[in-house]
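Biologist: Got a minute to walk me through this model? I'd like to start with the helices and go on from there.

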Amino acid sequence: MEDEHGALVDMVGVGKSYGGVQAVRGVDFTVRTGEVHALLGENGAGKSTLMKVLSGEVSGYRGDIRIAGTPVRFTSPADAQRAGIAMIHQELDLVPALSIAENVFLGREPKTRLGTVDRRRMVRETQRLLTRTGVELDARRPVELLRTGEQQLVTIAKALSFDARILIMDEPTSALSSHEVEQLFGVIAELRRSGAGIVYISHRMEEIGRVADRATVLRNGSVVAEFDARAMTAAQASEAMVGRPLNLMFRAESGTTAEPDGEDLLRVEDLVVRLRRPRPGRRDPAGLSLRVRKGEIVGLAGLLGAGRTELLETLYGVGSKGSWSGRVLLNGKPIRPRGPRHALRLGIAFVPEDRRIAGLALEHSVLANTVLSIVDRIARLGAVSRAAERRATRETTERLGVKLASITSPVGSLSGGNQQKIVLGRNLLTEPSLLLLDEPTRGVDVGAKAEIYRLLGEIAGRGVGVLLASSEPAELIGVCDRVIVLRDGKNVRELSTGEVGEADLLAASMGEAAALEELAVGEAS
Ligand SMILES: Nc1ncnc2c1ncn2[C@@H]1O[C@H](COP(=O)(O)OP(=O)(O)OP(=O)(O)O)[C@@H](O)[C@H]1O
Ligand SMILES: [Mg+2]
């Protein structure tokens, strides 16, 4: 072992319990200057908790921390910020009603000589940070009008504004598509050159080897392995995470379970969604048309703002609140979904990209949250309802491998990825005929991902139609029968997943010319 005393961060024997749950146990963890250190582990392994100890958000921990050789004991995030530590949270923690600039400088607004908030400077600095992060957004735009991926980029820009020497990124790319991930990697390279130390948490295995130098694996709160990140294979990492070899194959059998000329379950014809506030430069798009057959899994690809979420929200009757034109047919009948209840009656279920709007009541139990969508159905069974609720919840949590103390624990006490599994499981319980999924494996660990893919295959095998929006090319190619590429709110291409690679998908999403340019830039640098 080399000497770690020169390390930027040196955590020794760190432990943290929540009630009876030992989230982190006796962990040694270091970050060197100019290093990207990846932290890996299954959902609930203790990654976020360990980093919340370092960023001063969790108190009452055991063990010692040194920053550049100096012993510290933070009691608040402000303490940690003063020591040069900033954290990008897994859960987006922006204030929706405030603008991007106001969010970035919240609580530390620059002042004019008269002592009032210097808005112009705030907007100017924020605009500069956004450019550095590679986003084209107006710093004065309210955060509530941004898509999840854009919000994630804003939290990254905010973290950069601290000029931290230690930057913790807890799943910074979960809502980003390939193009934005590349932008972020550029920023990371720049930070590393300037001598910052970075902790990088991600469930996207392909990112680790590209961005990280070292990788540490946590299992049940303890360190179980450390790797040279560039030499590590996905199989090695996942085996360390899960504790046994893992089959990383997505769908067991190749080929589609859907009849090639089977019945159309869903038809969308010339759909035009009117945005609440159109983006500058975005023309009124020509209509979007697509179909999903029974038993078919259709993927939706595209860059941020391509219209994937808008499409899914429209099909579920949320978002644009009825402001769209065109036709939507379910089993040949025109429909106009008016919201969750109506959609549920039509047999449509929706897993949105943002858990917060998915309506998880964080202070309520796992059980209450899981059965929420089926209480009406269970209530009809009368006296057995309690038992039925418990059974449905147990089956759901076991099938998806949710790590929890008890089904009566508050859902908010679960780790991020485990909360996502509850959202998915709850939707599956409604036994829909059409399942709409927006980034369903966001923040979910490799083992659970494989299980979710298996489940989707099984559901499709029973004749359910699935429309899956994802920013992970590997997921689209591995799971879907066909992938439809959206750009500017319309379908621009359809790819058969048997024949395409990830590069084709990226090219189709960006538009061929832009993609070629991108490739050329990549080769030149
Ligand atoms: N506020 C809390 N109250 C009670 N238990 C908690 C709390 N926060 C985390 N835990 C528990 O601590 C353990 C570790 O959770 P943590 O969030 O650190 O996992 P993680 O590795 O970040 O997982 P993920 O990949 O899902 O984000 C889990 O068992 C979780 O349920
Ligand atoms: Mg976490």
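Modeller: Sure, and keep in mind that this is a predicted model. Take helix H6, residues 178-193: H6 lies across S3, S7 and S8, and runs at about 150 degrees to S8.

Biologist: And which strands does helix H1 lie across?

Modeller: H1 covers residues 47-54 and lies across S3 (36-41), S6, S7 (166-170), S8 (197-201) and S9. Its angle to S3 is about 140 degrees.

Biologist: OK, the sheet then. What's the strand order, and is the sheet open or closed?

Modeller: Open, with six strands in the order S6-S7-S8-S3-S9-S10 and mixed pairing. S6 (85-88) and S10 (222-228) are the edge strands, each pairing on one side only. On average, neighbouring strands in this sheet are turned by 20 degrees against each other, direction ignored.

Biologist: How do S9 and S10 pair, parallel or antiparallel?

Modeller: Antiparallel, over six bridges, with S9 spanning residues 214-219. Thr-216 stands opposite Glu-226 in S10.

Biologist: Switching to packing: which residues touch the most other members of the largest nonpolar core?

Modeller: Leu-40, Leu-167, Ile-188 and Ile-208, out of 52 residues in that core. There's another core apart from it, with 33 residues, including Leu-360, Leu-437, Val-444 and Leu-468.

Biologist: Back to Ile-208. What is Ile-208 in contact with, leaving aside neighbours within four places in sequence?

Modeller: Ala-38, Leu-40, Tyr-200, Ser-202, Ala-215, Ala-229 and Met-232.

Terms used
Residues are numbered from 1 along each chain as its sequence is written. Chains are lettered from A and ligands numbered from 1 in the order in which they are written. This is a predicted model: local features need pLDDT of at least 70, side-chain atom pairs count only at pLDDT 80 or more; totals for chains, interfaces and linings use all residues. Side-chain values use heavy atoms; hydrogens and water are left out. A nonpolar core is a set of buried Ala, Val, Leu, Ile, Met, Phe, Trp, Tyr and Cys residues joined through side-chain atoms within 4.5 Å. Buried means under 20% relative accessible area, exposed over 50%, partly exposed in between (1.4 Å probe, protein chains only). Contact means heavy atoms within 4.5 Å. Two strands pair if DSSP finds at least two bridges between them. Helices (H or I, at least four residues) and strands (E, at least two) are DSSP runs, numbered from the N terminus. Axes are lines fitted to C-alpha atoms, for helices over the stretch in contact, and angles run from 0 to 180 degrees between N-to-C directions.
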